[in-house]
Amino acid sequence: MKKIALTLAASLAALTLANAVQAKPNVAEVTARAEQGVVEAQYALGTMYLKGNGVKQDAQKALHWYLKAADQNSAMAQIKLGFMYEDGNGVQKDMKKAKEWYQKACDNKHELGCSYAQRLADDGY
């Protein structure tokens, strides 16, 4: 239960930071925090690059920052990576990799990751 609460708190912090940068991002501050290894900043910076919010849209840079956050078990980043692989956004479309990322998010107790992993499993991936 404590782990679920911590995961939820981390997800909410990432959402809060991502929403804050959508309004008027301080790119330098978010980048500095991401480079220091702050997982929420890595996720937020990935989202900024994916959407072109405050920075030039760049799927490769989004991928870079989402991978860094995912390596720290950010379920939100793992889901975004699943989306990128499922849609072929910045990467070659790969449904098996998408399912792997969704499953990692599921393993981190993110219900959406579980749903998407199951959907792809039902589709034969």
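What span should the 13 residues of H5 have at 1.5 Å a residue, and how far apart are its end C-alpha atoms? The expected span is 18 Å, and the end C-alpha atoms of H5 are 18 Å apart, so the two values agree. This result, like those that follow, refers to a predicted model.

The protein contains seven helices and zero strands. Read from the N terminus, the order of its elements is α-α-α-α-α-α-α. Of the 125 residues in the protein, 43% are buried. Where contacts join residues at least 6 apart in sequence, 45% of these contacts link residues at least 24 apart.

Helix H4 comprises residues 59-71. The 13 residues of H4 reach 18 Å from the first C-alpha to the last, which is close to the 18 Å expected at 1.5 Å a residue. At the start of this helix, a side-chain oxygen of Asp58 lies within 3.0 Å of the backbone nitrogen of Gln60. The buried residues of H4 comprise four alanines, Ala59, Ala62, Ala69 and Ala70, together with Leu63, Trp65 and Tyr66. The cover over these buried residues includes helix H2 (27-35), helix H3 (39-51), helix H5 (75-87) and helix H6 (95-107).

One residue of H2, Ala34, illustrates the relation between H2 and other parts of the chain. Ala34 is located in helix H2, and its relative accessibility of 2% is the reason why it counts as buried, the cut-off being under 20%. When neighbours within four places in sequence are left aside, Ala34 is in contact with Ala41, Gln42, Leu45 and Trp65. Of these contacts, Trp65 is also listed among the buried residues of H4. The C-alpha atoms of Ala34 and Leu45 are 7.2 Å apart in space, with a separation of eleven residues in sequence.

The loop between H4 and H5 contains Asn73. This residue, found just after H4, has a positive phi of about 70° although it is not a glycine. A positive phi is also found after H5, where Gly88 has a value near 70°. A further case is Lys109, a residue other than glycine whose phi is positive and near 70°. Lys109 is placed in the loop between H6 and helix H7 (111-122). With a relative accessible area of 51%, Lys109 is classed as exposed, because the cut-off for that class is over 50%.

Helix H5 is mostly covered, with eleven of its 13 residues buried. The buried set consists of Ala75, Met76, Ala77, Gln78, Ile79, Lys80, Leu81, Gly82, Met84, Tyr85 and Glu86. Two packing partners of H5 are described here, namely H3 and H6.

For the pair H5 and H6, the axes come within 8 Å and cross at roughly 165°. Because angles over 145 degrees count as roughly antiparallel, H5 is roughly antiparallel to H6. The contact involves Ala75, Gln78, Ile79, Leu81, Gly82, Phe83, Tyr85 and Glu86 on the H5 side, and Met95, Lys97, Ala98, Trp101, Tyr102, Lys104 and Ala105 on the H6 side. The crossing of these two helices, H5 and H6, is left-handed.

For the pair H3 and H5, the axes are 10 Å apart and the packing angle is about 30°. Since angles under 35 degrees count as roughly parallel, H3 and H5 are therefore roughly parallel to each other. The crossing of H3 and H5 is likewise left-handed. In this pair, Tyr43, Thr47 and Leu50 of H3 meet Met76, Ala77, Lys80 and Met84 of H5.

Tyr43, one of the H3 residues in this contact, belongs to helix H3 and counts as buried because its relative accessibility is 5%. Between Tyr43 and Ala75 the C-alpha to C-alpha distance is 9.9 Å, while the two residues are 32 residues apart in sequence. Ala75 is itself a buried residue of H5, and Ala75 takes part in the contact of H5 with H6.

Terms used. Residues numbered from 1 in each chain as written. Predicted model: local features only at pLDDT ≥ 70, side-chain atom pairs only at ≥ 80, totals over all residues. Heavy atoms only, no water. Expected span 1.5 Å × (residues − 1). Buried < 20%, exposed > 50% of the residue type's maximum accessible area, 1.4 Å probe, protein only. Contact = heavy atoms within 4.5 Å. Polar contact = N/O pair within 3.5 Å; in protein donor to acceptor, adjacent residues only side chain to side chain. Axes fitted to C-alpha atoms, helices over the stretch in contact; angles between N-to-C directions. Parallel < 35°, antiparallel > 145°, perpendicular 65-115°, else oblique. Left-handed = near helix turned anticlockwise from the far one by under 90°.
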